[in-house]
Amino acid sequence: MKKNLLVLTGAGISAESGLQTFRDGDGLWERHRIEDVATPEAWKRDPQMVMNFYNMRRRACNEAKPNGAHFGLVELEAYFNVRIITQNIDTLHERAGSSQVLHLHGSIDKMRSEYDDDTLYEFDHDLRMEERAPDGGRFRPHVVWFGEAVPNIYVASEWVQRWAEIIVLIGSSLAVYPAAGLLSYAADNIPKFVLDKKIPPVSAVRRLSRIEMPAGMGIEELKRQLLQLL
Ligand code: BV8
């Protein structure tokens with residue numbers, strides 16, 4: 001019987017695919033703080049600027065390729081039931097072949113009408129201001145902006161508290177809530193691993209193994225340690 005392995009990922013797992021993380025550099029884009037660009041207020045104030053930001057992100061995501069860390073998680077599906085909860089809006093986990101991926105903060109390949117949160121449209125090209133959804137609403141990226149609720153946090157918390165038998169955190173600074181709080185819901189007695197170029201503040205987490213390496217290289221060490229649990 002395969003054990004349930006839950007993997008929480010952040011921008012760091014996509015860094016070696018060439019995608020900018022939020023913390024590397026100075027967290028700025030065109031001299032704006034990301035928190036000031038990725039908000040409903042920014043969208044109301046200057047929709048063109050916000051659209052340019054997401055068109056730039058979508059082009060970068062489309063050009064990026066999954067890296068060894070993404071593929072390593074796919075390989076683990078032979079030994080574990082693997083579910084991934086990602087904060088990333090890129091779809092590199094899916095493109096690598098992972099079969100169960102939950103996007104906490106949405107995904108860059110989808111749009112929705114400003115009038116309807118539930119109908120999603122696949123989008124792989126630059127959005128132009130004059131484009132409208134069939135219901136006449138302006139298109140907006142299907143991502144969770146700062147200040148917006150995180151609808152998938154409830155499912156994510158269930159997976160952490162009720163489903164996970166092993167938890168792995170890869171490439172997140174644990175700076176953004178409520179995503180950052182997920183690890184704290186995990187049962188004390190289950191084994192946990194953190195793989196990061198620079199281990200984030202996780203001192204309060206019990207039964208934690210630290211692998212302080214870039215994800216593309218550290219994934220092999222992570223797999224070695226996980227397979228010892230079989
Ligand atoms: C909400 C989608 C309420 C958009 C994103 C004060 C205190 C606490 C909380 C708050 C506060 N003020 C405001 C808040 C709440 C706010 C928040 O947490 N703000 C932060 C800035 C303090 N949160 C929210 O607003 C959330 N909503 O609270 O709603 C509510 C409830 C009901 C009704 C209405 C409202 C919504 C937050 C979601 C925002 N959207 N993304 C987009 O992407 O454009 S967040 C975005 O930033 C990501 O999704 C991710 O979550 C976060 C970045 O974090 P990481 O992924 O960890 O990346 P980071 O760059 O930080 O770190 C990279 C890591 O990788 C590092 O550890 C680094 O060492 C490592 N690394 C780098 N290279 C490598 C590597 N590791 C391995 N290998 C490498 N090669």
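**Strands, a buried loop and a ligand shell**

Mentor: Let us begin with one pair of residues: the bridge partner of V168 in β10 is F193. Keep in mind throughout that the model is predicted.

Trainee: What makes β9 and β10 a pair of strands?

Mentor: The term asks for at least two bridges between the strands, and β9 and β10 are joined by 4 bridges and run parallel. The requirement is therefore met, and β9 and β10 count as paired. On its other listed pairing, β10 is joined by 5 bridges to β11 (residues 208–212), again in the parallel sense, and here L195 has I211 as its bridge partner in β11.

Trainee: Why is β10 described as largely enclosed by the rest of the structure?

Mentor: Because 5 of the 5 residues of β10 (residues 192–196) are buried, where buried stands for under 20% relative accessible area. The cover is found on both faces, since K192, V194 and D196 on one side are buried, as are F193 and L195 on the other. That division fits a general pattern, in which the side chains of a regular strand alternate between the two faces of the sheet.

Trainee: How do you know that β6 and β7 are paired, and in which sense?

Mentor: Strand β6 (residues 106–113) and strand β7 (residues 116–122) share 4 bridges in the antiparallel sense, and the pairing needs at least two, so the term applies. S113 has D116 as its bridge partner in β7, and with 2 residues between the strands, β6 and β7 form a hairpin.

Trainee: Which residues of helix α7 are buried, and what covers them?

Mentor: Within α7 (residues 153–163), the buried residues are I153, A156, S157, W159, V160 and W163. Their cover includes four strands, namely β1 (4–9), β4 (81–86), β5 (101–103) and β9 (166–170). As a general point, an α-helix has 3.6 residues a turn, so residues three or four places apart point the same way.

Trainee: Why is G10 called buried?

Mentor: The relative accessible area of G10 is 2%, and the limit is under 20%, so G10 is counted as buried. G10 lies in the loop between β1 and α1, and, leaving aside neighbours within four places in sequence, it is in contact with Q87, N88, I170, G171 and S172. The C-alpha atoms of G10 and S173 are 7.7 Å apart, although 163 residues separate the two along the chain.

Trainee: And is A11 buried or exposed?

Mentor: A11 has 18% relative accessibility; because the limit is under 20%, A11 counts as buried. A11 is placed in the loop between β1 and α1, and beyond the residues up to four places away in sequence it touches T21, F22, N88 and G171.

Trainee: What makes the backbone of L174 and of R207 worth noting?

Mentor: Both have a positive phi in a residue other than glycine, near 55 degrees for L174 and near 50 degrees for R207. Most residues other than glycine have a negative phi, and most peptide bonds are trans. L174 is found in the loop between β9 and β10 and, at 15% relative accessibility, it counts as buried, whereas R207 lies in the loop between β10 and β11. P178 also lies in the loop between β9 and β10, and the peptide bond from Y177 to P178 is cis, with omega near 0 degrees.

Trainee: How do you know that E16 makes a polar contact with the ligand?

Mentor: A polar side-chain atom of E16 is 2.9 Å from a nitrogen atom of the ligand, and since the cut-off for a pair of N or O atoms is within 3.5 Å, the pair qualifies. By that cut-off two backbone pairs qualify too: a polar backbone atom of R23 lies 2.8 Å from an oxygen atom of the ligand, and one of K197 lies 3.2 Å from a nitrogen atom of the ligand. The protein covers 74% of the 1500 Å² of accessible area that the ligand has on its own.

Trainee: Which residues come nearest to the ligand, and how does the shell divide?

Mentor: Of the 34 residues around the ligand, Q87, H105, G147, S173 and D196 come nearest. The shell divides into 16 nonpolar, 9 polar and 9 charged residues, and its largest share, 3 residues, comes from α4.

Notes
Residues are numbered from 1 along each chain as its sequence is written. This is a predicted model: local features need pLDDT of at least 70, side-chain atom pairs count only at pLDDT 80 or more; totals for chains, interfaces and linings use all residues. Side-chain values use heavy atoms; hydrogens and water are left out. Buried means under 20% relative accessible area, exposed over 50%, partly exposed in between (1.4 Å probe, protein chains only). Contact means heavy atoms within 4.5 Å. A residue is near a molecule or strand if one of its heavy atoms lies within 4 Å of it. A polar contact is a pair of N or O atoms within 3.5 Å; within protein, one must be able to donate a hydrogen and the other to accept it, and residues adjacent in sequence count only if both atoms are side-chain atoms. Accessible areas come from the Shrake-Rupley method with a 1.4 Å probe; for residues, only the protein chains shown count as cover. Ala, Val, Leu, Ile, Met, Phe, Trp, Tyr, Cys and Pro count as nonpolar, Asp, Glu, Lys and Arg as charged, and the others, Gly among them, as polar.
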